[in-house]
Amino acid sequence: MLLVLCDKHKEHLGFLPEVDSVVVGEFERVVFLRKGTNAKIYEGAASKY
């Protein structure tokens, strides 16, 4: 699957190479197990890590 991101999204995700892969995986698990997208879920998961 090819994912094309705009420059704004690329900028927001630019920190990922600096984060431990275990943390990124756990964040992904927490966020995407929920139904749909919700800013509060992202903020809660981000503050946890």
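1. Let's start with the pocket. In this predicted model, the largest pocket has a volume of about 580 Å³. Its lining is made of 16 residues, and the ones closest to the pocket centre are Leu13, Leu16, Phe27, Phe32 and Tyr42.

2. Which elements give two or more residues to that lining? They are helix H1 (7-13), helix H2 (21-32) and helix H3 (39-48). H2 gives the most, with five residues.

3. If you are thinking about the chemistry of the lining, here is the breakdown by class: 13 nonpolar residues, two polar ones and one charged one.

4. On the overall fold, the protein has three helices and zero strands. Read from the N terminus, the order of elements is α-α-α.

5. A word on burial and surface. The protein has 49 residues, and 6% of them count as buried. About 4,600 Å² is exposed, and 60% of that area is supplied by carbon and sulfur atoms.

6. You may like to look at Leu13 next. This residue is found in helix H1, and it is among the residues closest to the centre of the largest pocket. Is Leu13 buried, partly exposed or exposed? Its relative accessible area is 40%, and because buried means under 20% and exposed over 50%, Leu13 counts as partly exposed.

7. Leu13 also has a part in the surface: together with Phe15 and Leu16, it makes a nonpolar patch of about 250 Å². Leu16 is another residue that appears in both places, since the list of those closest to the pocket centre includes it.

8. Phe27 deserves a point of its own. Its place is in helix H2, and it too is one of the residues closest to the centre of the largest pocket. With a relative accessible area of 27%, Phe27 lies between the 20% and 50% cut-offs, so it is partly exposed. How far apart in space are Phe27 and Ala46, C-alpha to C-alpha? The distance is 7.2 Å, although the two are 19 residues apart in sequence.

9. Finally, a friendly pointer to Arg29, which is also found in helix H2. Arg29 counts as partly exposed, at 42% relative accessibility. Along the chain, Arg29 and Ala45 are 16 residues apart, and their C-alpha atoms are separated by 9.7 Å.

Methods
Residues numbered from 1 in each chain as written. Predicted model: local features only at pLDDT ≥ 70, side-chain atom pairs only at ≥ 80, totals over all residues. Heavy atoms only, no water. 1 Å grid on protein atoms, 1.4 Å probe; cavity = no way out; pocket = protein on both sides within 12 Å on 5 of 7 lines; lining within 4 Å. Points joined across faces, edges and corners; volume = space filled by probe spheres on them. Helix = DSSP H or I, 4+ residues; strand = E, 2+ residues; numbered from the N terminus. Nonpolar A, V, L, I, M, F, W, Y, C, P; charged D, E, K, R; others polar. Buried < 20%, exposed > 50% of the residue type's maximum accessible area, 1.4 Å probe, protein only. Areas by Shrake-Rupley, 256 points an atom, 1.4 Å probe, with all protein chains shown as cover. Patch = residues over 30% accessible without salt bridge, like charges linked within 9 Å, V, L, I, M, F, W, Y side chains within 5 Å. Salt bridge = Lys/Arg side-chain N within 4 Å of Asp/Glu carboxyl O.
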